[in-house]
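Me: I am in my first year and would like a close look at a single part of this protein, namely its sheet and what surrounds it. Please take me through it slowly, in connected prose.

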Amino acid sequence: MKDNMSSGRTNMPEIKGAVIPLHPTFDKLAALWIIQKVLGRCLPVVSHSSTDPKDPLLAEYRNNGYYLVDVGENKYQPRKTGSAVETVCRDFKINDPVLLSIVAIAN
């Protein structure tokens, strides 16, 4: 599957970890799985629930290279996407049809 991944994510900074909500639902877990699939490695994961875009803890994680999965300013509703999965697929410029089918399920 990796051969079908878009190489357009080279403009993104290096992802060193991920922050997910404390009680993640399917779309958050699927989004995390997709990130790790695209990167080809497991990431350190931190659970922290906050919708505050100015949350200092989230800012610290973001500054340390962590991708925010549906927390802080990266909530899918303000991003105008249907789910955390769709947000990740857009951010990582994913074009693999199998992974994109998960967007339809999550939305």
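Reply: What follows begins with how far the model can be trusted, then turns to the sheet, and ends with some individual side chains.

Please keep in mind that this is a predicted model, and that the protein averages a pLDDT of 89, with 89% of the residues scoring at least 70. Over residues 1-10, however, the pLDDT is below 50, although this stretch has 23 contacts in the model beyond near neighbours in sequence.

The sheet itself is an open one, formed by three strands in the order S2-S1-S3, and the pairing is parallel. Strand S2, which covers residues 45-47, and strand S3, which covers residues 66-68, are the edge strands, since each of them pairs on one side only. From one strand to the next, the twist averages 25°. In general, strands of a sheet pair through backbone hydrogen bonds, and they can do so in either a parallel or an antiparallel way. Here, strand S1, made of residues 17-20, runs parallel to S2 and is joined to it by three bridges; to take one residue as an example, alanine 18 has valine 45 in S2 as its bridge partner.

Helix H2, residues 56-63, packs on this sheet and touches S1, S2 and S3, while its direction makes about 130° with that of S3.

We can now look at some rings, of which the model has two aromatic pairs. In one pair, the ring centres of tyrosine 61 and tyrosine 66 are 5.2 Å apart and their planes meet at 50°, so the pair is described as tilted, a term kept for angles that are neither under 30 degrees nor over 60. Tyrosine 66 has a relative accessible area of 19%, and it therefore counts as buried, because the cut-off for that word is under 20%.

A further buried residue is threonine 87, whose relative accessible area is 2% and which lies in helix H3, residues 84-91. Leaving aside neighbours within four places in sequence, threonine 87 is in contact with Tyr67, Asn74, Tyr76, Arg79 and Thr81.

Finally, a word on cysteines: a disulfide is a covalent bond between the sulfur atoms of two cysteines, and the count of disulfides in this model comes to zero. Cysteine 42 counts as exposed, because its relative accessibility is 69%, whereas cysteine 89, at 4% relative accessibility, counts as buried.

How values were computed: Residues are numbered from 1 along each chain as its sequence is written. This is a predicted model: local features need pLDDT of at least 70, side-chain atom pairs count only at pLDDT 80 or more; totals for chains, interfaces and linings use all residues. Side-chain values use heavy atoms; hydrogens and water are left out. pLDDT is the predictor's confidence in each residue, from 0 to 100. Contact means heavy atoms within 4.5 Å. Two strands pair if DSSP finds at least two bridges between them. Helices (H or I, at least four residues) and strands (E, at least two) are DSSP runs, numbered from the N terminus. Axes are lines fitted to C-alpha atoms, for helices over the stretch in contact, and angles run from 0 to 180 degrees between N-to-C directions. Buried means under 20% relative accessible area, exposed over 50%, partly exposed in between (1.4 Å probe, protein chains only). Rings of Phe, Tyr and Trp (its six-membered ring) pair if their centres lie within 6.5 Å; planes under 30 degrees apart count as stacked, over 60 as edge-to-face and the rest as tilted. A disulfide is a pair of cysteine sulfur atoms within 2.5 Å.
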